[in-house]
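Colleague: I am new to this structure and would be grateful for a close look at a single part of it, the contact between chains D and C. Please set it in its surroundings and go slowly.

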Amino acid sequence: QGNFAQFTVLYFASAKDASKVDTDKFEWSAGINAQTLTNLLVERHPDLGYVLKTSMFAVNMEYMENDSSWTVQPGDEVAIIPPVSGG
Amino acid sequence: QGNFAQFTVLYFASAKDASKVDTDKFEWSAGINAQTLTNLLVERHPDLGYVLKTSMFAVNMEYMENDSSWTVQPGDEVAIIPPVSGG
Amino acid sequence: MKDIVKITSDIISLDEIANALLAKIQNKEVKTLAYEAYIPMAEKSIQSLINTARQKWDDLIHVAIVHKIGDCPVGETSVVIAVSSGHRKQGLEAVHWLIDELKVKVPIWKKEVYTNGGPDGTDGGEVWKANNALP
Amino acid sequence: MKDIVKITSDIISLDEIANALLAKIQNKEVKTLAYEAYIPMAEKSIQSLINTARQKWDDLIHVAIVHKIGDCPVGETSVVIAVSSGHRKQGLEAVHWLIDELKVKVPIWKKEVYTNGGPDGTDGGEVWKANNALP
């Protein structure tokens, strides 16, 4: 896999319960936006579909809009952020 | 002194610094209001005059108006309350 | 529901007072809370909230925000927001704003672990909670 | 003036956090504070403030107010106002109101004892402070 550019996905809280993993790696390709990222994630972890409906993406620790204004870059750390409940 | 009705005066903070006592007793008579009480106090403790200009009276732990709407009753506990600074 | 009112010459312990208050809270249903965080992003976003608070209230002097993760039995402190400021009004407003923002923006999650019947009437179970709004 | 930001699995001590914050405050001039109170009236008037707060904010659950008297070195806690409430907005507003009222109405007095030059430029001395308004 070292021959391919990758990006990392982190799963928290209900997303981790659905994916059963803390983190995994995806092969990078150009043009992965919020919608295509959602498709990739559900393909690998079908139970994530419900969680993703109410989650945000954070890329490199910044919240991203839920639209096509951004795409994943090689080496990015993408986190799935279910509704937060700190405090 | 047990033959006379009395009232108690309590001194706090700058009032205590001026009177040099925590508390003392005054002989009660009818009609002692804020003004006559002030006169009695300054007569006994001349240094209190300045402090009383900015203090309140509390009678039996209730703040009193600085007017003649009330008079001291036998057995009352009168406190001199300089500007407070708790907190 | 007797209030605690005390004028004391003893050194005041915040922990003792918090424990006395919390001891009064009946623990009926929720046994334990468990917090999880995306730690580096949580720290970064808390620092970012503090920076914004310092712009909104220029009177703030020192700020401390500490959040518990892992198990947190009901009655233990889960989060502290402490500020010092030149004027207490600014400090109090800043604390209010900081806790409101933290609750909707910082990637920390709370799970309730039930022992005496969950919200659906069953025994045991766990539920991830959600605060008011999406980040 | 570095902020304290911590996500921790340790039990949180309010006293430790308060001490860490207060350790940052430079103690330049005022050496010690000394508080005096008309104790029974102070307790009565604090209870009366709490009763009024419970009418204004019907969501308050528990309230604790503790005030230090006697010597209180700068950096030690002089007063704590702690509330629990169903909604944090009500609790935060009540705390703000309670400290404002306590400072102008409750018969407690603070004296500053100087060691390194008083406010008039002389060494030593003591000054009774006054909060904003008369009771």
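Modeller: Strand β1 of chain A, residues 6–11, is joined to β2(A) by five bridges, and the two strands run antiparallel. One of the residue pairs that can be followed here is A:Leu10, whose bridge partner in β2(A) is A:Thr23. These strands belong to a predicted model, and in chain A they form part of an open sheet of five strands, ordered β2-β1-β5-β3-β4, in which the pairing is mixed. At the edges of that sheet stand β2 (23–27) and β4 (62–63) of chain A, each of which pairs on one side only.

From this sheet we can turn to the part you asked about. The contact between chains D and C takes 54 residues from chain D and 54 residues from chain C. Together the two chains bury about 4900 Å² between them, and 66% of this area lies on carbon and sulfur atoms. On the side of chain D, the residues D:Ile7, D:His62 and D:Arg88 supply 15% of the area that this chain buries against chain C, which is more than any other three residues supply. The size of an interface is often given in this way, as the accessible area lost when the parts come together.

For a second interface to set beside it, consider chain D and chain B, which bury about 2000 Å² between them, with 62% of it on carbon and sulfur atoms. That contact takes 26 residues from chain D and 23 residues from chain B. Two salt bridges are found across it, and in a salt bridge between D:Lys44 and B:Glu62 the closest N and O atoms are 2.8 Å apart.

Between chain D and chain C the count is four salt bridges. In one salt bridge the side chains of D:Asp100 and C:Arg88 meet, at 2.8 Å from N to O. In another, C:Arg54 is paired with D:Asp3, and their closest N and O atoms are 2.6 Å apart. This pair crosses between chains, from helix α2 of chain C, where C:Arg54 lies, to the segment before β1 (4–8) of chain D, where D:Asp3 is found. Both partners, C:Arg54 and D:Asp3, are buried.

The helix that carries C:Arg54 deserves a word of its own. Helix α2 of chain C covers residues 39–56, which makes 18 residues, and it reaches 26 Å from its first C-alpha to its last, close to the 26 Å expected at 1.5 Å a residue. Its buried residues are C:Met41, C:Ala42, C:Ser45, C:Ile46, C:Leu49, C:Ile50, C:Ala53 and C:Arg54. As a general point, an α-helix has 3.6 residues a turn, so residues three or four places apart point the same way.

Another helix of chain C also brings a residue into contact with chain D. C:Ile17 is found in helix α1 (residues 14–23) of chain C, and because its relative accessibility is 10%, under the 20% limit, C:Ile17 counts as buried. Leaving aside its neighbours within four places in sequence, C:Ile17 is in contact with C:Ile12 and, in chain D, with D:Ala64, D:Val66, D:Val80 and D:Ala82. The C-alpha atom of C:Ile17 is separated by 31 Å from that of C:Ser48, a residue 31 places away along the chain.

Beyond this interface, a search of the whole structure finds 20 salt bridges over all chains. Within chain D, D:Lys105 forms one with D:Glu101, the closest N and O atoms being 2.7 Å apart. These two residues both lie in helix α3 (residues 88–105) of chain D, four residues apart, or about one turn of the helix. D:Lys105 counts as partly exposed, at 34% relative accessibility, whereas D:Glu101 is buried, with a relative accessible area of 15%.

A further salt bridge in chain D pairs D:Lys111 with D:Glu126, with 3.3 Å between the closest N and O atoms. It links distant parts of the chain, since D:Lys111 lies in strand β6 (residues 108–114) and D:Glu126 in strand β7 (residues 126–128), 15 residues apart. D:Lys111 counts as buried, at 17% relative accessibility.

As for disulfides, the same kind of search over all chains finds zero. Among the cysteines, C:Cys72 is buried, with a relative accessible area of 1%, and D:Cys72 is also buried, with a relative accessible area of 1%.

How values were computed
Residues numbered from 1 in each chain as written. Chains lettered and ligands numbered in written order. Predicted model: local features only at pLDDT ≥ 70, side-chain atom pairs only at ≥ 80, totals over all residues. Heavy atoms only, no water. Pairing = 2+ DSSP bridges. Expected span 1.5 Å × (residues − 1). Buried < 20%, exposed > 50% of the residue type's maximum accessible area, 1.4 Å probe, protein only. Disulfide = S-S within 2.5 Å. Contact = heavy atoms within 4.5 Å. Buried area = accessible area lost by both parts, 1.4 Å probe.
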